[in-house]
Amino acid sequence: MTSTTTIADYPHLFVGGRWTAPSAGLSIDSVDPATEDVWARVPRATEPDVDRAVDAARAALHGPWSRLTATQRGRLIFILADLLERDAERLGRIETMDNGKPLRDTVGEVKRSVEWLRYYAGAADKVEGTVVPYKHDAHAYTRVEPVGVVAAITPWNSPISLYSWKLGPALAMGNTVVLKPSELTSVSALEFAQLFSEAGFPDGVLNIVPGYGHDAGAHLVAHPGVDKVSFTGSYPTAQAIMRAASNGLKRVSFECGGKSPHIVFPDSDIDRAVSVATHSAFRSTGQSCSLGSRLFLHRDIYTDFLDALVRRTERIRVGMPLDPSTHIGPHTSAEQLAKTEHYLDAGRREGGRVVTGGGRPSGYDRGYFVQPTIFDGLDNNSTLASEEVFGPVLTVIPFETEDEVISLANDTSYGLVAGLWTKDISRAHRVAAQLQAGMVSVNTFRPVHWTLPYGGYKSSGLGRENGLAVLREYCEIKSVVIDFSADEPADPFADA
């Protein structure tokens, strides 16, 4: 492993269509998770910078952006998608340096983000108001209008993907955006701003303010000039945002993680289920809100399935993320690695058996690497089965009956996604109807797609992303009534 010798410098924020220095002159180091070396430096926004960004977004909202038709907005988003596609390889490499995800994954995510943007570009002029049959001597209709200035706060695990998830529908509906990316992975946001400017959007439609949650983020969500907050991250942070947003009754939408059940019945396609269960538990080094991190296996297949799962897991190649043969790379930060190691210790303390993995892979003394790990011998109330690890740690639990496993699957404070495997179509519909999750997949797992609404029950979130459903999260519905009655209106105070 070699150290990074050149530091990429990004000294400016993107505010009002211009590159501007942060008011306090501060910066944040971006660390390559594979080497622990600083590879880039980004500006750190503070409260005055957030104020300028919100002001710029409001000016654009009521300025040239508001005078574009929906079709013209869509055309600009199409151009942005084309530019993102053009630079997919370069941006994927930047993302890999920033968050440690393998290059083949990051390039794939950028290319899929292109499709998200194109989907919402096409939807921009498809959302219509309606004529309402109110009464015969009046014309009543509804208008669909932007909600206003949107604060978009994104996490570090899939930055460019989440930019497209939030910006696509927000811009399609005519909103302006202040984006605060994670302080761990802000480089791709600043590169994205370059493409945004090249696409020809009016100044101020998108503003990017990298910074820490406790100052830039907190000030942004409480800002009186912000009309909506869209946040992806932890449940406690979402609670804090909701409290801050309550002062102005801001619109909020949250995606806050999960502890997803993955159920395998004995009549399943076992070979395929083993392959998908392995990928769904360990992809992205476990740094995903929708991992199938609780694997429920029917007792009749438990031993054989677990043996096959271990063999499949031990073939996963942990390595340097720029190596095209690597399956999973390091954690994004030292903090996340320490958290995963804490959970590994908790699993052992509570009597769990490490079936495979459980520590740092050999040959990696630097970098935030950890082995894919499988525990059995823990019940559904254990720490590993009830708390979101955000690392490559899978808990395997046996079950005997359909009713039992439905109860176990729903016994969690989360409800983002769930999956089950069976060849019985009646069972598939019956169980899917009873699982408390925003997405249930049968004979696959987490088929996230731009056309499919995505969001959680319970502590997993509020509102939906993706699909056409998300467009309603970014608009206001106004009723307009024009009365053309010839009769004099009744005077309720005539006898006064």
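Helices (H or I, at least four residues) and strands (E, at least two) are DSSP runs, numbered from the N terminus. The model on display is predicted: local features need pLDDT of at least 70, side-chain atom pairs count only at pLDDT 80 or more, and totals for chains, interfaces and linings use all residues. Residues are numbered from 1 along each chain as its sequence is written, and side-chain values use heavy atoms, with hydrogens and water left out.

**The whole chain**

Begin with the entire chain in cartoon view. The chain contains 14 helices and 21 strands. Its radius of gyration is 25 Å, close to the 23 Å that the globule rule gives for 496 residues, so the chain is as compact as a globular protein of that length. Here the radius is taken over C-alpha atoms, and the rule is 2.2 Å times the number of residues to the power 0.38. Aligned along its principal axes, the C-alpha trace spans about 85 × 60 × 40 Å.

Next, display the surface. About 20300 Å² of the chain is exposed, with carbon and sulfur atoms supplying 51% of that area; accessible areas come from the Shrake-Rupley method with a 1.4 Å probe, and for residues only the protein chains shown count as cover. Of the 496 residues, 57% are buried, where buried means under 20% relative accessible area, exposed over 50%, and partly exposed in between (1.4 Å probe, protein chains only).

Colouring by charge shows 48 positive and 60 negative side chains, the centres of the two sets lying 3 Å apart. Lys and Arg count as positive and Asp and Glu as negative, while His and the chain ends are not counted. Each charge is placed at NZ of Lys, CZ of Arg, CG of Asp or CD of Glu.

Among contacts with a separation of 6 or more, 73% join residues 24 or more positions apart; contact means heavy atoms within 4.5 Å.

**The loop between α8 and β12**

Select G248 and L249. Both G248 and L249 lie in the loop that runs from α8 (235-245) to β12 (251-255). G248 is exposed at 51% relative accessibility, and L249 is exposed at 72%. The phi of L249 is near 50 degrees, a positive value in a residue other than glycine. Most residues other than glycine have a negative phi. From G248, draw a distance to A21: the two C-alpha atoms, 227 residues apart along the chain, are separated by 30 Å.

**C256 and the cysteines**

Continue past β12 to C256, in the loop between β12 and β13 (261-264). C256 is buried, at 3% relative accessibility. Beyond its neighbours within four places in sequence, C256 is in contact with G233, S234, Y235, A238, E388, Y414, S459, S460 and G461. The C-alpha atoms of C256 and Y414 are separated by 8.6 Å, although their positions lie 158 residues apart along the chain.

Now add C289, which is buried with a relative accessible area of 11%. Its sulfur is 8.2 Å from the closest cysteine sulfur, in C256, too far for a bond. A disulfide is a pair of cysteine sulfur atoms within 2.5 Å, and by this rule the count comes to zero.

**M173 and its contacts**

Move to M173, in the loop between α5 (159-172) and β9 (176-180). M173 is buried at 6% relative accessibility. Not counting residues up to four places away in sequence, M173 touches R73, V127, V144, P146, L471, Y474 and C475. One of these, C475, is itself buried at 4%. A line from M173 to K250 covers 17 Å, C-alpha to C-alpha, between residues 77 apart in sequence.

**Two further loops**

Select N466, in the loop between β20 (461-462) and β21 (475-483). Is N466 buried or exposed? It is buried, with a relative accessible area of 0%. N466 also has a positive phi of about 70 degrees although it is not a glycine.

Finish at Y364, in the loop between β15 (353-356) and β16 (373-376). Y364 counts as buried at 17% relative accessibility. Add T35 to the selection: its C-alpha atom and that of Y364, 329 residues apart along the chain, are separated by 9.5 Å.
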